[in-house]
Amino acid sequence: MTAGELLAASGLPGAEARALLAFASGATREALIAFPERVVAPEAAARFEALVERRRAGEPMAYLLGVQEFYRRPFCVTPAVLIPRPETELLVELALDALRSIESPRVLELGTGSGCIAISLALERPDARVVAADASVEALAIARANAQRLDARVDFVASDWYAAIAGEFDAIVANPPYVAASDPHLADLRFEPLYALTDHGDGLGCLRTIVAGAPAHLARDGWLLVEHGYDQAAAVRALFERAGFDEVRTVRDAAGIERACTGRFV
Ligand SMILES: C[S@@+](CC[C@H](N)C(=O)[O-])C[C@H]1O[C@@H](n2cnc3c(N)ncnc32)[C@H](O)[C@@H]1O
């Protein structure tokens, strides 16, 4: 079959179909647009059709292609890690802002997954000492491989939140699992690891642990920056205030949704 026939038969939106056919056949997306009459080798066509089937069953493009862009860089992903979300780039921006006046800052990321936050921070601030932790050894293997490929200096640690973390930090950053077990949106996220999405409770369980433990690991004037769910802003501010943080504020993402909380431990 020709590229044009395969793309049309897929029933997928054009951009998705072209990305999958490019991946399956090795052709560029531009070539697929310019030369739809070109015949696709049968093995490549079979690979493409298998990918189309998975996509039609709802599997995210990032898992099919094995890559997701974050903060302008490509991160390899597998179903062992959460797919980096564009709204999480806000956390990177906020951390870079908080660390602007600190020389050689010490940064801890909890729940690193693909490593996208820690690696972005390490590449944007090459003078920083970045430690990134996750409880999942599978996730840590992906994060380490991403750091190596992107040439980022990050120390990875297997840790249940702070359990294996030593030393103090100028900033602690975390995008923890914060979807409540009862949230119907979890069903739409069925291809991603449950341990990356939910605390199996009210959605605030991991945030409680991270906020309560932060003062013991922060240097004087150190920052805590966390991402949270669309309806958790007031509850997370209260956690920060109860733990003794100053300058507590909620920040909205590009879509106008209350998405992050930051505070300083004086
Ligand atoms: C929402 S994902 C965030 C991944 C990545 N930082 C990002 O923003 O794309 C949450 C991460 O927390 C990790 N995690 C879950 N429970 C943990 C725990 N008890 N200790 C450390 N990490 C944990 C998961 O493995 C997952 O990688």
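## Exercises on the ligand site

In this predicted model, an oxygen atom of the ligand lies 2.7 Å from an N or O atom in the side chain of D134. Let's work outward from there.

**Exercise 1.** Decide whether the D134 pair is a polar contact, then find which backbone atoms lie by a nitrogen atom of the ligand.

*Solution.* Begin with the cut-off: a pair of N or O atoms counts when within 3.5 Å. The D134 side chain, at 2.7 Å from a ligand oxygen, passes. Next, turn to the backbone: a polar atom of W161 is 2.9 Å from a nitrogen atom of the ligand. For S159, a polar backbone atom is 3.4 Å from a ligand nitrogen. Finally, consider the surface: the ligand alone exposes 600 Å², and the protein buries 93% of that.

**Exercise 2.** Describe the shell around the ligand by its residues, their classes and the helices that supply them.

*Solution.* Start with the count: the ligand is surrounded by 20 residues, and the closest are G111, D134, D160, W161 and N175. Then sort the shell by class, which gives 10 nonpolar, 7 polar and 3 charged residues. Now look at the helices: at least two shell residues come from each of helix 7 (116-124) and helix 9 (194-197). As a last step, place the ligand among the pockets: the space it takes is the largest pocket.

**Exercise 3.** State which domains the chain is assigned and how far apart their C-alpha centres lie.

*Solution.* First, read the domain assignment: domain 1 covers 3-57 and domain 2 covers 80-265. Then take the C-alpha centres of domain 1 and domain 2, which are 37 Å apart.

Conventions
Residues are numbered from 1 along each chain as its sequence is written. This is a predicted model: local features need pLDDT of at least 70, side-chain atom pairs count only at pLDDT 80 or more; totals for chains, interfaces and linings use all residues. Side-chain values use heavy atoms; hydrogens and water are left out. A residue is near a molecule or strand if one of its heavy atoms lies within 4 Å of it. A polar contact is a pair of N or O atoms within 3.5 Å; within protein, one must be able to donate a hydrogen and the other to accept it, and residues adjacent in sequence count only if both atoms are side-chain atoms. Accessible areas come from the Shrake-Rupley method with a 1.4 Å probe; for residues, only the protein chains shown count as cover. On a 1 Å grid over the protein atoms alone, a cavity is a set of points where a 1.4 Å probe fits but cannot get out, and a pocket is an open set with protein on both sides within 12 Å along at least five of seven lines; lining residues have an atom within 4 Å of a point. A molecule sits in a cavity or pocket if more than half of its atoms lie within 2 Å of its grid points. Helices (H or I, at least four residues) and strands (E, at least two) are DSSP runs, numbered from the N terminus. Ala, Val, Leu, Ile, Met, Phe, Trp, Tyr, Cys and Pro count as nonpolar, Asp, Glu, Lys and Arg as charged, and the others, Gly among them, as polar. Domain bounds come from an automatic or database domain assignment.
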